Amino acid sequence: MPEGGFAAWNRDRLALARRGADECGDVWQLEPGVYVAATAGPCETVLCRAQDFLKVPSPLFPPLKRSSGAPTPEERAHAHAARMRGLRPHAVAARIGEIAPGTARFADQWPTGQDVEILPPVRQALAEVGVRYVFSEDAPTLLPFAPQLFLAREVLVQPSRWVWPRWVPTPARRFRTRQQVAFTDALRSVILRRRSSGRLGDDVLGQMLRPSARYGLLPEEAILDSLPGITVATFETPSRAAGWILLDLARYPQAADRVAAEAAVLPADPAATTSSHLDSLQYTQALVREVLRLHPPSWLLTRRATRRTQLAGYTIDAGSTVLVCPYTSHRDAREYSEPDRFQPERWLDDSGSSAKPGVFLSFGTGPHGCEGAALAMAVLTLLTAQTARCYHVSEPPGPEPGYRLTTFGGLATDGLRLRATLRS
């Protein structure tokens with residue numbers, strides 16, 4: 001998207017998105033060649049019509065320059081299929097006992113009786129969970145690189161008055177490349193050891209090392225190029241979501257009490273947690289979904305039209321940018337009654353079982369939906385339940401925390417300080 005377009009969009013923050021949806025309808029034109037899908041129907045349409053609206057590749061961790069060149073489209077498809085073998089809901093369910101101890105450690109280590117800037121410890125805890133999920137016993141080797149990869153991402157997404165071509169080696173891009181190379185060198189040694197020993201592992205990396213009937217053996221370079229971004233994604237976006245969840249535990253104590261009561265079913269030893277325990281946390285999952293509805297950690301998704309097509313009465317020319325806004329689509333009154341109200345119960349039917357009240361796009365949808373949606377929901381649900389079981393969470397006196405937007409569509413709390421008091 002042109003820099004001027006994003007500056008115009010971002011100037012009034014999310015208020016502009018809401019005003020555009022209220023005043024201009026389902027789809028509106030931000031500037032020539034840039035359209036905003038603001039309500040649920042068009043947003044879902046754009047995300048599901050992947051052949052007409054192409055996902056714009058993320059520039060955060062592009063393939064490193066090598067003599068062999070970048071991975072081919074077939075190799076990228078193979079890498080995606082291999083990752084998904086380790087990220088599908090049944091794979092996540094089988095490893096709940098490995099996930100739960102990491103989320104429990106966050107609750108155990110929260111210092112009580114003092115105001116804490118909570119996002120840094122959340123991010124550290126979820127980085128440990130995510131890196132262990134991807135790399136299992138090799139997590140201690142690779143975990144030290146996760147904060148630097150995250151920092152490289154943060155440096156890259158800082159707003160700038162200049163838009164440099166991607167080939168210009170800006171200081172931020174050079175820093176990103178150094179961190180990517182360091183992580184890749186360490187990962188290469190892990191891959192070599194696993195392949196030479198024959199013990200590939202059952203984690204995400206192990207799935208990528210296994211040959212498939214359709215593609216055969218995935219080239220090492222395709223693995224190395226895809227895993228920096230996946231590693232950061234396992235904790236960066238969930239950390240943003242966790243900030244909003246913890247804030248709402250503080251703001252809605254009755255909901256927090258209900259989560260705490262439900263969390264009583266969790267075993268004292270987190271490693272004994274199973275998918276059945278997770279499935280029993282129906283209200284907790286509903287609360288997580290409601291927070292993600294009101295504060296989608298990715299509030300803006302970018303797609304590019306591959307051909308001339310129609311969308312909600314607009315003729316979209318090939319090459320145009322279409323911005324999909326989950327933030328406004330989740331406040332579409334045609335999908336949700338009282339859309340601005342925090343109401344976790346809307347995600348439950350009369351029997352207390354899971355329900356789907358309307359279009360939900362916090363993890364995207366369609367062919368390019370979030371690969372790690374099942375992992376993120378498991379992590380956030382367990383973190384929420386374990387925290388509420390241990391503590392009453394409250395906001396300290398002072399100004400309300402703000403929020404922070406990035407040019408890559410991130411929506412995070414800013415300056416979030418919370419206090420935890422032990423439950424009796």
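This report describes the overall build, cores, helices, cysteines and a few single residues of one protein. The model is predicted.

**Overall build**

The protein contains 18 helices and 12 strands. Its C-alpha trace extends over about 60 × 60 × 40 Å along the principal axes. For 424 residues, a compact globule would have a radius of gyration near 22 Å. The protein has 22 Å, so it agrees with that expectation.

Burial is common here: 52% of the 424 residues count as buried. The exposed surface comes to about 18900 Å². Carbon and sulfur atoms supply 53% of that area. Contacts also reach across the sequence. Among those between residues at least 6 apart, 74% join residues at least 24 apart.

**The nonpolar cores**

The largest nonpolar core has 107 residues. Which of its members touch the most others? They are W110 and L227. Helix α18, residues 373–390, gives the most to this core, with 10 residues. A second, separate core has 16 residues, and Y35, L47, A305 and I316 are among them.

L227 shows how the chain comes together. Setting aside neighbours within four places in sequence, L227 is in contact with V134, F135, F183, L187, L205 and M208. Two of these partners, V134 and F135, are buried residues of helix α7.

**Three helices**

The table sets the end-to-end C-alpha distance of three helices beside the expected span.

| Helix | Residues in helix | Expected span | C-alpha end to end |
|---|---|---|---|
| α7 (119–135) | 17 residues | 24 Å | 24 Å |
| α16 (282–294) | 13 residues | 18 Å | 19 Å |
| α18 | 18 residues | 26 Å | 26 Å |

The expected values rest on a rise of 1.5 Å a residue. In α7, the distance between the ends agrees with the expectation. The α16 distance agrees with its expected span too. The reach of α18 is close to the 26 Å expected.

α18 is mostly covered, with 14 of its 18 residues buried. In α16, 10 of the 13 residues are buried, so this helix is largely enclosed by the rest of the structure. The buried residues of α16 include Y283, L287, V288, V291, L292 and L294. E290 and R293 are buried in α16 as well. What covers them? The cover of α16's buried residues includes α13 (236–251), α14 (253–262), α17 and α18.

The buried residues of α7 include L119, V122, L126, V129, Y133 and G130. V131 is another buried residue of this helix.

**A closer look at V131**

V131 lies in helix α7. Its relative accessible area is 2%; buried means under 20%, so V131 counts as buried. Not counting residues up to four places away in sequence, V131 touches S136, A139, L142, L143, A146, T231 and T234. Q285 is 154 residues from V131 along the chain. The C-alpha atoms of these two residues are separated by 23 Å.

**Two residues with positive phi**

S136 follows α7. It sits in the loop between α7 and α8 (139–142). Its phi is near 50°, a positive value in a residue other than glycine. Is S136 buried or exposed? Its relative accessibility is 15%, so S136 counts as buried. S136 is also one of the residues that V131 touches.

E338 has a positive phi of about 45°, although it is not a glycine. This residue is placed in the loop between α17 (326–329) and α18. At 49% relative accessibility, E338 counts as partly exposed.

**The cysteines**

How many disulfides does the structure hold? It holds 0. C43 is in no disulfide: the nearest cysteine sulfur belongs to C325 and is 6.7 Å away. A disulfide needs two cysteine sulfur atoms within 2.5 Å. C43 has 0% relative accessibility, so it counts as buried.

C370 is in no disulfide either. Its nearest cysteine sulfur, that of C48, is 15 Å away. With a relative accessible area of 41%, C370 is partly exposed.

Note on methods. Residues are numbered from 1 along each chain as its sequence is written. This is a predicted model: local features need pLDDT of at least 70, side-chain atom pairs count only at pLDDT 80 or more; totals for chains, interfaces and linings use all residues. Side-chain values use heavy atoms; hydrogens and water are left out. Buried means under 20% relative accessible area, exposed over 50%, partly exposed in between (1.4 Å probe, protein chains only). Helices (H or I, at least four residues) and strands (E, at least two) are DSSP runs, numbered from the N terminus. The expected span of a helix is 1.5 Å times one less than its number of residues. The radius of gyration is taken over C-alpha atoms; the globule rule is 2.2 Å times the number of residues to the power 0.38. Contact means heavy atoms within 4.5 Å. Accessible areas come from the Shrake-Rupley method with a 1.4 Å probe; for residues, only the protein chains shown count as cover. A nonpolar core is a set of buried Ala, Val, Leu, Ile, Met, Phe, Trp, Tyr and Cys residues joined through side-chain atoms within 4.5 Å.
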